[in-house]
Structure formats: C-alpha cells, structure tokens
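Morning, everyone. Please look at the screen, and I'll walk you through one chain.

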Amino acid sequence: MPDIPTVTLPSGVSVPALGLGTWNMGEESRKAGIEIESLKRGLDLGMTLIDTAEMYAEGGAEKITAEAIAGRRDEVFLVSKVYPWNAGRKGVVEACERSLNRLKTDRLDLYLLHWRGQHPLAETVAGFEELRRAGKIAAWGVSNFDLDDMEELMAVPEGRNCAANQVLYNLSRRGVEYDLLPWCQEHGIAVMAYSPIEQGRLLRNADLIRIAKAYQATPAQVALAFLLERDGVVAIPKSANPDRVAENAEAADLDLSEEDWKALDAAFPPPAQKRPLDML
Ligand SMILES: NC(=O)c1ccc[n+]([C@@H]2O[C@H](COP(=O)([O-])OP(=O)(O)OC[C@H]3O[C@@H](n4cnc5c(N)ncnc54)[C@H](OP(=O)(O)O)[C@@H]3O)[C@@H](O)[C@H]2O)c1
C-alpha cells in the first residue's frame, strides 16, 4: 500500500493528498465498467478522495462515481462542483440536490463553485452555508479563483469558511507559487491541483523522462511527487486505466534527491513575477 500523505482542512478533517479525477468519465456507456474499476482501484490504494462535477458528462461522471463508491461511502471524501450559472442562493441548493441524487448519497464532503460567474459571491456563499447547516455538505470551496478573487471572497459574510481552492497546477503551470499558493497555505485553505500531469502532455518532457528513469519511476510519478512535496496541496490525477491509477498511487513513495528537485526547478522554473491564473 503506498504511503499517501494527508492534507488537513480547516475543519480538522484529513484528506489524502492524492485523489482521483473524473473529467471525461461517464461519456460513453461502453467505458463505464473500466472507469468504475479504475476508481475502485484508487480507493483500494488509499486515493480515497474523488473529484467530480455536475459538468462532467452532464452528470454522467457523478453516476459513474456513485457506482464506484456504492457500499463504501464512508471511506470516501467526495467532492463535486456547481456550475457558475446554478450558483445563486436557491440554485446552488437545487443543483446540490441533483448531484446528491446522481451520486446516490445524502451528503458531499466538499462542494465547489466550479468557476466565477454572474452570481454575486455573497449569494453563492449563502447557498453553501444553507447546505452546510442542513448537513447536505460538510464543507465548501471554490475553483479557478486567483488571489484577487480569494480576497473578495474573504470580504463577504462567512466567506472565510472557504475550505479549498481547486486550480490548474503542475510542473508546467507553476504561476500559483508566486502568490496564490502561499496565501492559501497561510490561510489554511487547501489547494487542489487539477490536471496535475497537464492532461498527459507533461509526460513527453525530456527532462522529466530523464529524472524518472534514474528512479525506475515514470514521468507521471515524478510530476505527482512534485505536488505531493508541497504543503496543503491535493493532486487529483484522472485515469480510466486501473494500472495507471496504481502507477499514480505509487508516486507517494517516490523520494527525489535535492539535486533532482533542483534539476526539476531548472527544467520548470518557478515564477519570478505575478502571472494570471491559468485555466483549462
Ligand atoms: N476545477 C476545474 O476547472 C478542473 C479542470 C480540469 C480538471 N479538473 C479535475 O482534475 C482532474 C484531473 O485533471 P485532468 O483530467 O484534466 O488531467 P490529468 O489528470 O492531468 O490527466 C489526465 C490524462 O492523463 C492520462 N493519464 C493519467 N495517468 C496517467 C499515467 N500514469 N500515465 C499516462 N497517462 C496518464 C489519462 O488517460 P487515461 O484515463 O487513459 O489513463 C488522461 O488522458 C479532472 O479529472 C477533474 O476531476 C478540474
């Protein structure tokens, strides 16, 4: 069993720093079996955080997730997201009910605003807080929020209850390290790193391939180890291939030398100035 580190949320709850993405799952019924098997494999290996959204396959990924967690809901830290156009005070409550139905559960562990839209943040937060008081969600957070968005969020009533911000973060997208990541770390807000292997594009990088080879590891494992090294960061790679899920889980056991961390910094330089938050 890989030794997966944990991240502590503001509530004191610990979650694995390596979870499971679900984007593109639930699109084709012939792939459902392997997608469910992949998620189950991840749960068996301790990647017990699942990230989904009402957007993914328009509810299809939540239905796949429901199958994967059937009979083991309590083992799982379940994250879903609301579309910005559903994120008014009433709309967010209704969207959550629909997600809960698809997920065949009575509660989400974390509910995120997928990205900023037209609804005032105060309304979205009021809806989230209503859901929290009703026990439908244990915590809420945001996604694709840059530092200025986070500061605006902190200024709305109960905005400081935000537990997480899910953003694009990987070796080739290190802009958040300049300001957003340290800010979240100081405020105890977890950063969920999405597209942690840049949807596979990172894996062709020659430096990454060279460093991985030296450890008999894979480029994906090095890319994930880079994120696991950071405090308060949860990486959520997606794979619909059980063997790759197992490969990703083993990133937790990879220890790079100081020299190789430096080689990674040389190949993927950290930001020297503010960069606007990237989105996919
Ligand atoms: N909040 C947001 O706006 C947002 C945006 C994007 C993503 N997300 C979340 O973050 C999750 C992860 O991001 P992502 O799906 O965009 O990208 P990703 O996890 O960086 O990459 C997924 C791709 O890499 C492949 N892959 C996974 N592990 C591999 C391995 N060990 N070796 C080779 N290929 C591998 C997968 O193919 P196979 O499935 O065929 O293995 C898939 O094509 C999403 O699923 C979603 O839950 C959130």
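**A walk through the chain**

Let's start with Arg 41, which is found in helix α1. Remember that this is a predicted model. Is Arg 41 buried, exposed or partly exposed? Arg 41 is partly exposed, because its relative accessible area is 29%, and the partly exposed class runs between 20% and 50%.

Now look at what Arg 41 touches. Leaving out residues up to four places away in sequence, the list is Pro 242, Asp 243, Val 245 and Ala 246. Take Val 245 from that list. Arg 41 and Val 245 are 204 residues apart in sequence. In space, their C-alpha atoms are 7.0 Å apart.

That brings us to contacts across the chain. Take contacts between residues at least 6 apart in sequence. Of these, 77% join residues at least 24 apart.

Stay in helix α1, which covers residues 32–44. Glu 35 lies there too. Glu 35 is buried, and it has no salt bridge. Which side chain of opposite charge is nearest to Glu 35? It is Lys 31, and it is 6.0 Å away. A salt bridge needs a nitrogen and a carboxyl oxygen within 4 Å. So what is Glu 35 in contact with? Beyond its neighbours within four places in sequence, Glu 35 is in contact with Asn 24, Met 25, Gly 26, Ile 64 and Ala 240.

Pick Asn 24 from that list. Asn 24 sits in the loop between β3 and α1. Its phi is positive, about 80 degrees, although Asn 24 is not a glycine. Asn 24 is partly exposed, at 44% relative accessible area.

Glu 158 is another residue to look at. Glu 158 is not a glycine either, yet its phi is positive, about 65 degrees. You'll find Glu 158 in the loop between α5 and β8. At 42% relative accessibility, Glu 158 is partly exposed.

Back to Ile 64, which is one of the buried residues of α2. Helix α2 runs over residues 60–69, and eight of its ten residues are buried. Among them are Gly 60, Ala 61 and Glu 62. What do the buried residues of α2 pack against? They pack against α1, β4, β5 and α3. Just after α2 comes Gly 71, with a positive phi of about 80 degrees.

Now compare helix α8, residues 219–228. There, ten of its ten residues are buried. Including Pro 219, Gln 221 and Phe 226, the list ends at Leu 228. The cover over α8 includes β9, α7, β10, α9 and α10.

Time to zoom out. How many helices and strands does the chain have? It has ten helices and ten strands. The radius of gyration is 18 Å, close to the 19 Å that the globule rule gives for 280 residues, so the chain is as compact as a globular protein of that length. Along the principal axes, the C-alpha atoms fill a box of roughly 55 × 45 × 30 Å. Of the 280 residues, 57% count as buried.

Last, the surface and the charges. The accessible surface comes to about 12,200 Å², and 47% of it belongs to carbon and sulfur atoms. The chain has 31 positive and 43 negative charges. The mean positions of the two sets are 4 Å apart.

That's the tour. Thanks for listening.

How values were computed
Residues numbered from 1 in each chain as written. Predicted model: local features only at pLDDT ≥ 70, side-chain atom pairs only at ≥ 80, totals over all residues. Heavy atoms only, no water. Helix = DSSP H or I, 4+ residues; strand = E, 2+ residues; numbered from the N terminus. Rg over C-alpha atoms; globule rule 2.2 N^0.38 Å. Buried < 20%, exposed > 50% of the residue type's maximum accessible area, 1.4 Å probe, protein only. Contact = heavy atoms within 4.5 Å. Areas by Shrake-Rupley, 256 points an atom, 1.4 Å probe, with all protein chains shown as cover. Lys, Arg positive; Asp, Glu negative; His and termini not counted. Charge placed at Lys NZ, Arg CZ, Asp CG, Glu CD.
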